[in-house]
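Trainee: Please take one helix of this model and go through it closely, along with the backbone around it.

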Amino acid sequence: MIGIFLETLPFFLLIACGYGAAFGGVFSGQAVAHLTKFVFYFALSAMLFSFASSLSFQEIFDPDFALAYTSATALVYAVVFAAAILRKTGAAEAAVEAHSAIIGNIGFLGLPMLVLLLGPAAAGPLLLLVAIDLILFGSVIVIVITLSRGGAPGIGVFKTIGGGLVRNPMIVSMAAGLIWSALGLSTPGPIAEFLTLLGAAATPCALFAIGASLADKSAERVSVAIWLSLAKLVLHPGLIAISALWIFEVEPFAASVMICCAAMPTAGNVYILAQHYGVAPARVSSTILVSTAISVVTLSLVIAMVS
């Protein structure tokens with residue numbers, strides 16, 4: 001446990017560095033936004049393209065893996081959604097709380113951390129998990145909020161979902177990489193070196209950006225934030241472990257990657273969605289802050305257990 005904690009510590013120190021820079025005024029809110037855009041549109045996209053272009057679709061897509069993750073995650077979603085309804089919250093707020101409990105920071109934290117700690121073989125399972133979160137569960141929250149406001153899941157909703165996916169550089173870069181791989185194309189030396197250099201910036205910049213973005217988060221509705229954080233950091237990886245190891249019997253290494261990803265703290269894009277729809281942004285902000293702080297210990301513990 002101590003050994004794994006020391007291996008994960010540099011990642012959290014980079015997050016703390018970003019937090020300190022933003023909290024101390026060295027990085028303004030605008031600077032944080034621009035750094036996040038650099039990671040999202042350039043560095044992380046280069047990393048994802050490099051991974052996807054070196055793998056085939058068969059190496060990424062595993063039906064049992066996908067079913068194990070999707071079914072356990074859907075169960076966590078249902079539990080948290082039902083708990084919110086029992087507290088007399090509306091369906092839209094319940095959907096945002098449930099989303100906070102299932103969408104971990106796989107892109108900015110999980111991808112760079114797990115590839116370094118578990119090895120390049122983790123890339124395939126990670127890409128599939130990113131796709132499931134963005135395409136499947138990212139669509140669910142839009143549909144539930146639309147229905148809760150008296151709308152119907154018609155062509156307009158699906159245009160919104162489709163447009164969001166097409167404009168998402170993570171989806172585009174993964175799809176482009178898989179197409180590149182399927183065509184059997186080789187990446188020219190200078191281009192490969194360019195992608196390597198750009199992708200190498202993803203890890204430090206993403207972690208710094210996570211910390212910097214936490215500086216403007218507030219700990220409001222702490223009791224709810226603690227419940228959602230525990231659902232994300234304990235319930236989610238726990239049910240994923242049962243589903244992957246005992247129900248669907250996923251290959252052990254891939255199951256380990258899945259469990260570690262489920263133990264990631266709540267992702268920042270959940271806050272962006274909550275703010276966009278005007279549904280409980282302060283609650284999500286608090287959950288991101290609390291879950292990230294707690295994950296310093298819980299994530300190290302989970303990685304140590306699966307290792």
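**Helix α14 and its surroundings**

Mentor: The face of α14 turned away from its buried side carries two exposed residues, Ile272 and His276. This is a predicted model, and the helix in question covers residues 268–277. Its buried residues are Val270, Ala274 and Tyr277. Seen down the helix axis, these buried residues of α14 lie within an arc of 75 degrees, so they line one face of the helix. The general background is that an α-helix has 3.6 residues a turn, so residues three or four places apart point the same way. As for what covers the buried residues of α14, the list includes α5 (91–102), α7 (123–148) and α15 (281–306).

Next, the backbone after the helix. Glycine 278 follows α14 and has a positive phi, near 70 degrees. In the loop between α14 and α15 there is also alanine 280. Alanine 280 is not a glycine, yet its phi is positive, near 50 degrees. Such a value deserves a remark because most residues other than glycine have a negative phi. With a relative accessibility of 15%, alanine 280 counts as buried, the cut-off being under 20%.

Another residue with a positive phi belongs to the loop between α4 (63–86) and α5, namely lysine 88. Its phi is about 70 degrees, although lysine 88 is not a glycine. Lysine 88 has a relative accessibility of 74% and therefore counts as exposed, for which the cut-off is over 50%. The α5 that bounds this loop is also among the elements covering the buried residues of α14.

Key
Residues numbered from 1 in each chain as written. Predicted model: local features only at pLDDT ≥ 70, side-chain atom pairs only at ≥ 80, totals over all residues. Heavy atoms only, no water. Buried < 20%, exposed > 50% of the residue type's maximum accessible area, 1.4 Å probe, protein only. Helix = DSSP H or I, 4+ residues; strand = E, 2+ residues; numbered from the N terminus. Arc of directions from axis to C-beta. Contact = heavy atoms within 4.5 Å.
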